[in-house]
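Work through the three exercises below with the sequence and the model in view, and try each task before reading its solution.

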There are 2 protein chains.
Amino acid sequence: MNSLKNMSAQPCPVARSVDVIGDRWSLLVVRDAFDGVRRFSDFQRSLGVARNILSDRLRRLVDAGILAIQPASNGSAYQEYVLTKQGEALFPLVVALRQWGERHLFAEDELHSELVEKRTGKPLHFMAPRAIDNHELSPDETEVRKLS
Amino acid sequence: MNSLKNMSAQPCPVARSVDVIGDRWSLLVVRDAFDGVRRFSDFQRSLGVARNILSDRLRRLVDAGILAIQPASNGSAYQEYVLTKQGEALFPLVVALRQWGERHLFAEDELHSELVEKRTGKPLHFMAPRAIDNHELSPDETEVRKLS
């Protein structure tokens with residue numbers, strides 16, 4: 001519930017999420033955190049982003065409870081940024097970004113990185129919205145019930 | 001495959017998606033399009049966004065093949081913006097944003113809009129990444145296989 005000063009009246013959960021994470025660099029920092037990146041310099045190398053922008057995004061992600069700061073795992077003086085439980089819960093969002101990109105932003109013969117299950121080496125199932133009885137739902141089978 | 005001039009060397013599908021859709025206003029325009037908003041003035045009223053920013057985002061979403069422009073359904077002179085097939089394929093992304101927001105950005109006693117199946121009126125199943133055998137995967141059970 002941090003960093004939501006401007007959004008607390010927003011009854012739409014999509015809008016609240018977008019306010020916290022709907023930013024190019026924030027999304028890429030979270031992606032890297034899932035890939036095991038933990039240090040400022042490693043985020044910077046991976047993203048090629050200006051220091052001041054990276055500082056700002058890391059601070060905002062910490063304020064929002066998505067990343068936590070902890071001492072370096074090797075005992076050095078560096079700080080590390082790690083996903084909190086709330087940050088790890090962004091896994092479906094990162095997978096949704098990946099799967100849409102794979103299907104719509106690559107040519108058929110173009111290679112891309114793949115997210116696989118470690119145990120089997122197999123790619124993940126395609127992630128689709130489903131009804132409570134588990135059948136796949138198209139957008140027009142759903143509706144938003146607004147607060148009255 | 002439009003609007004990817006700067007990203008065509010990016011082998012990461014997450015990064016390509018973020019480049020196209022990883023922006024606060026673009027995400028909210030897409031959310032509204034799923035809710036049936038079609039006209040410039042209706043997007044503007046819903047989002048409270050400046051005209052020049054909305055124009056820019058609509059143009060970029062059209063260029064990226066997410067929205068298409070069509071004549072107004074009622075025969076008037078207005079243009080309408082509707083989701084293409086590729087745009088409709090962003091449904092899992094919007095649901096992931098919604099479900100994360102519902103679980104992490106609302107107090108327990110705080111009300112929010114709900115996405116429900118029209119036929120039953122019931123909320124959707126929680127959408128989680130799954131292995132090919134369909135069991136739910138935590139982030140640490142997965143890894144990204146980079147291009148060698």
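Helices (H or I, at least four residues) and strands (E, at least two) are taken as DSSP runs, numbered from the N terminus. The model is predicted, so local features need pLDDT of at least 70 and side-chain atom pairs count only at pLDDT 80 or more, while totals for chains, interfaces and linings use all residues. Residues are numbered from 1 along each chain as its sequence is written, chains are lettered from A in the order in which they are written, and side-chain values use heavy atoms, without hydrogens and water.

**Exercise 1.** Place Asp23(A) and describe its surroundings.

Asp23(A) sits in the loop that joins helix H1 (13-21) to helix H2 (24-34) of chain A. With a relative accessible area of 16%, Asp23(A) is buried, a term that means under 20% relative accessible area, against over 50% for exposed and in between for partly exposed (1.4 Å probe, protein chains only). A polar atom of the Asp23(A) side chain lies 2.8 Å from the backbone nitrogen of Ser26(A). Not counting residues up to four places away in sequence, Asp23(A) touches Arg57(A) and Gly22(B), where contact means heavy atoms within 4.5 Å.

**Exercise 2.** Which residues have the most contacts inside the largest nonpolar core?

A nonpolar core is a set of buried Ala, Val, Leu, Ile, Met, Phe, Trp, Tyr and Cys residues joined through side-chain atoms within 4.5 Å. The largest has 80 residues, and those with the most contacts inside it are Ile21(A), Ile66(A), Ile21(B) and Ile66(B).

**Exercise 3.** List some contacts of Ile66(A).

Leaving aside neighbours within four places in sequence, the contacts of Ile66(A) include Ile21(A), Leu90(A) and Trp100(B).

Methods:
Polar contact = N/O pair within 3.5 Å; in protein donor to acceptor, adjacent residues only side chain to side chain.
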